[in-house]
Every structure is written in C-alpha cells, then in structure tokens.
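Trainee: I have not looked at this structure before. Could we go through it by question and answer?

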Amino acid sequence: MLRATFLHLSGIGPVTEAGLWREGIRDWSELEARKGTLGLSVDRAQRLTAEIAASERALSERDAAWFGRRLPDREHWRLHAAFKDRLAYLDIETTGLSPFGGIVTVVSVHGGGATRTFIAGDNLEELPAYIGRFPILVTFNGSRFDVPFLEACFPSFVAPPVHIDLRFVLYRLGHAGGLKRIEERLGLGDRTGVEGVHGLDAVRLWQEYRRGSAAALDRLVKYNRADTVNLEPLLEYAATSLEHRLLPGGPLELERAYVPAPALGG
C-alpha cells in the first residue's frame with residue numbers, strides 16, 4: 001500500500017490520489033513514467049520527480065519517520081506492510097484513568113520478534129529506552145490514553161514518530177466499541193487463560209499482587225500481554241480491509257475502468 005500512496009507528494013490530496021488509481025497508476029514508478037500525461041508545468045514535474053526519488057530513498061533506508069511526517073495521522077496505517085519488523089504494539093495497565101490519580105502498573109510491548117513486559121517496581125523504568133528502538137507505535141486508543149499517561153508519568157518517554165491508533169482505524173471500517181468487543185465481533189485474538197478479565201479486574205489484580213499474591217501478578221501480565229499481542233491480527237485485518245476498500249478489484253479492474261485523473265492539487 002505504501003508504494004501506491006501519493007498523499008505525501010506535493011499537491012496530491014485524496015481526490016487526486018483516487019483519480020490516479022482509477023487511471024491505473026498504482027505506484028511511484030508508474031507515476032513518474034506517466035507524469036507527462038498529467039498536464040504538469042515543468043517546475044511541478046521536476047518537483048514530483050525529486051519527491052518520488054526521495055520516497056524511494058526513504059523506503060530503502062527504512063525511514064518510517066520520513067513518511068510519518070508527510071502523511072496525515074489517519075493514514076499512518078499505510079506504513080504497516082512495508083515496516084512490519086519496525087512496529088511496536090503497546091498496551092498499558094494503570095490504577096486510574098488519569099496520571100494525576102493513578103500509576104502505570106504493567107506495560108507490554110510486542111514487536112521485533114519478541115514480547116516484553118515492564119512492571120512497576122521491577123523494570124518499568126527501562127520502558128522509555130526500549131520503546132525508542134521502534135519508529136512505529138500501534139495501540140488501541142493510545143493517542144487518547146496510553147501515550148499521554150506515559151508522557152505524564154515518565155519525563156523521558158518519547159513516543160515513536162509514527163502512531164497507528166487502531167481505535168480510529170477500525171472505526172473507519174464501522175467497528176466501534178472497546179477492544180474486546182471488536183475482537184469478539186471479528187473472531188480475532190487469543191485470550192486463553194484470561195477469559196472474562198477486564199479493566200477493573202486489572203486494578204484489582206494489581207492490588208492483590210501488592211498484598212503478596214504472585215498469582216495475581218501472573219494473571220495481570222497475561223491479561224496485558226493478550227491486550228497487546230491481539231493488536232497485531234487486528235491491524236492485519238484493518239490494513240487489508242482498508243486497502244481493498246481504497247483499491248477495489250485490484251490492478252486489472254483499474255486498468256479496464258479508465259477514468260481521467262483530476263488535475264494535481266485536489
């Protein structure tokens with residue numbers, strides 16, 4: 001999907017991008033090859049060539065942040081397939097809804113071939129440095145909750161430059177509600193061993209752990225890791241669904257259904 005993305009190029013908005021797709025222009029190389037048919041000025045054509053070359057360079061250098069700065073936040077999901085090995089799925093547990101009335105208890109990060117869990121009073125202070133290894137963050141409602149909470153509690157915490165918030169990506173596909181409700185609706189994710197555990201239970205389990213129950217901490221960690229790991233199949237589903245919605249029928253249909261693209265700038 002990233003190579004089929006043109007929104008990060010000067011003068012190209014959603015309408016123009018869709019028009020280019022309808023013409024069968026499906027990647028940067030095709031756009032470069034057919035730019036002479038788009039009625040561009042010499043300066044605009046030269047700028048487009050430079051921006052396409054910069055896009056290729058950023059992709060080859062694995063510079064996700066370059067694309068993140070140029071794409072609207074709601075389109076960051078388009079980086080998913082090209083940077084799968086650079087994604088950090090994250091979820092946090094807290095004792096309250098505000099960093100001014102609660103603390104972070106457990107955080108899991110799933111990415112780079114591993115799932116790591118950070119626990120208050122043990123290794124939670126290692127989280128900021130660890131998350132700094134990843135250029136892309138994936139959460140569910142993290143832009144509203146997880147990231148602001150972590151930033152308030154840890155002055156050294158800096159969120160990755162690209163953030164895919166699945167709450168809003170899934171909402172575009174008609175899936176409203178909480179994480180677990182959406183998982184159940186889609187039949188995605190694995191909650192073996194923590195069936196029926198919810199947010200308030202996470203607070204209770206932390207309190208039980210602080211009173212000496214190692215079993216409570218084990219259950220809390222399993223619950224948090226499920227919240228985190230289950231984000232991966234949800235992103236796969238959402239990215240695939242949105243790509244099919246934007247590019248219906250694949251390239252052959254687009255080649256047959258020729259519709260002139262609008263002038264660049266819309």
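Trainee: With which residue does Asp-218 form a salt bridge?
Mentor: Keep in mind that this is a predicted model. Asp-218 and its partner both lie in helix H10 (residues 214-229), four residues apart, about one turn of the helix. The closest N and O atoms of the pair are 3.4 Å apart, and the partner of Asp-218 is Lys-222.

Trainee: Is Lys-222 buried, partly exposed or exposed?
Mentor: Buried means under 20% relative accessible area and exposed means over 50%. Asp-218, at 41% relative accessibility, falls between these limits and counts as partly exposed. Lys-222 has a relative accessible area of 46%, so this residue is also partly exposed.

Trainee: How many positions separate Arg-204 and Asp-201 in helix H9?
Mentor: The side chains of Arg-204 and Asp-201 meet in a salt bridge, with 3.4 Å from N to O. Arg-204 has a relative accessible area of 36%, which makes this residue partly exposed. Both residues are in helix H9 (residues 199-210), about one helical turn from each other, and that corresponds to a spacing of three residues.

Trainee: Which residue forms a salt bridge with Lys-84?
Mentor: Lys-84 sits in the loop between helix H4 (64-70) and strand E1 (87-94), and its partner is 152 residues away, in helix H11 (residues 231-246). The relative accessible area of Lys-84 is 44%, so Lys-84 is partly exposed. The partner is partly exposed too, at 25% relative accessibility. With the closest N and O atoms 3.2 Å apart, the residue paired with Lys-84 is Glu-236.

Trainee: How many salt bridges does a search of the whole structure find?
Mentor: Some salt bridges are linked in a network, which takes in Glu-17, Arg-74, Glu-75, Arg-78 and Arg-172. The chain has 32 positive and 34 negative charges, and their mean positions are 2 Å apart. For the whole structure, the number of salt bridges found is 16.

Trainee: How many of the residues of E1 are buried?
Mentor: On one side of E1, Leu-87, Tyr-89, Asp-91 and Glu-93 are all buried. On the other side, Ala-88, Leu-90, Ile-92 and Thr-94 are buried as well, so both faces are covered. In general, side chains in a regular strand alternate between the two faces of the sheet. E1 is largely enclosed by the rest of the structure, because the buried count is eight of eight.

Trainee: Which residue in E2 is the bridge partner of Glu-93?
Mentor: E1 also pairs with strand E4 (residues 136-139) in the parallel sense over three bridges, and there Ala-88 has Leu-137 as bridge partner. With strand E2 (residues 104-111), E1 runs antiparallel, and six bridges join the two. In E2, the partner of Glu-93 is Val-106.

Trainee: What is the phi of Asn-141?
Mentor: Most residues other than glycine have a negative phi. Arg-62, in the loop between helix H3 (42-60) and H4, has a positive phi of about 60° although it is not a glycine. Asn-141 is found in the loop between E4 and helix H6 (146-153). Asn-141 is not a glycine either, and its phi is positive, at about 65°.

Trainee: How far apart are the C-alpha atoms of Tyr-209 and Glu-56?
Mentor: Tyr-209 lies in helix H9 and counts as partly exposed at 24% relative accessibility. Not counting residues up to four places away in sequence, Tyr-209 touches Ala-216 and Leu-217. Glu-56 is 153 residues from Tyr-209 along the chain, and the separation of their C-alpha atoms is 50 Å.

Trainee: What share of the residues in the chain is buried?
Mentor: The chain has twelve helices and five strands, and its C-alpha trace spans about 70 × 35 × 30 Å along the principal axes. Among contacts with a separation of 6 or more, 65% are between residues 24 or more positions apart. The accessible surface comes to about 12600 Å², of which 53% belongs to carbon and sulfur atoms. Of the 266 residues in the chain, the buried share is 49%.

Note on methods. Residues are numbered from 1 along each chain as its sequence is written. This is a predicted model: local features need pLDDT of at least 70, side-chain atom pairs count only at pLDDT 80 or more; totals for chains, interfaces and linings use all residues. Side-chain values use heavy atoms; hydrogens and water are left out. Buried means under 20% relative accessible area, exposed over 50%, partly exposed in between (1.4 Å probe, protein chains only). Contact means heavy atoms within 4.5 Å. Accessible areas come from the Shrake-Rupley method with a 1.4 Å probe; for residues, only the protein chains shown count as cover. Lys and Arg count as positive and Asp and Glu as negative; His and the chain ends are not counted. The place of a charge is taken as NZ of Lys, CZ of Arg, CG of Asp or CD of Glu. A salt bridge is a side-chain nitrogen of Lys or Arg within 4 Å of a carboxyl oxygen of Asp or Glu. Two strands pair if DSSP finds at least two bridges between them.
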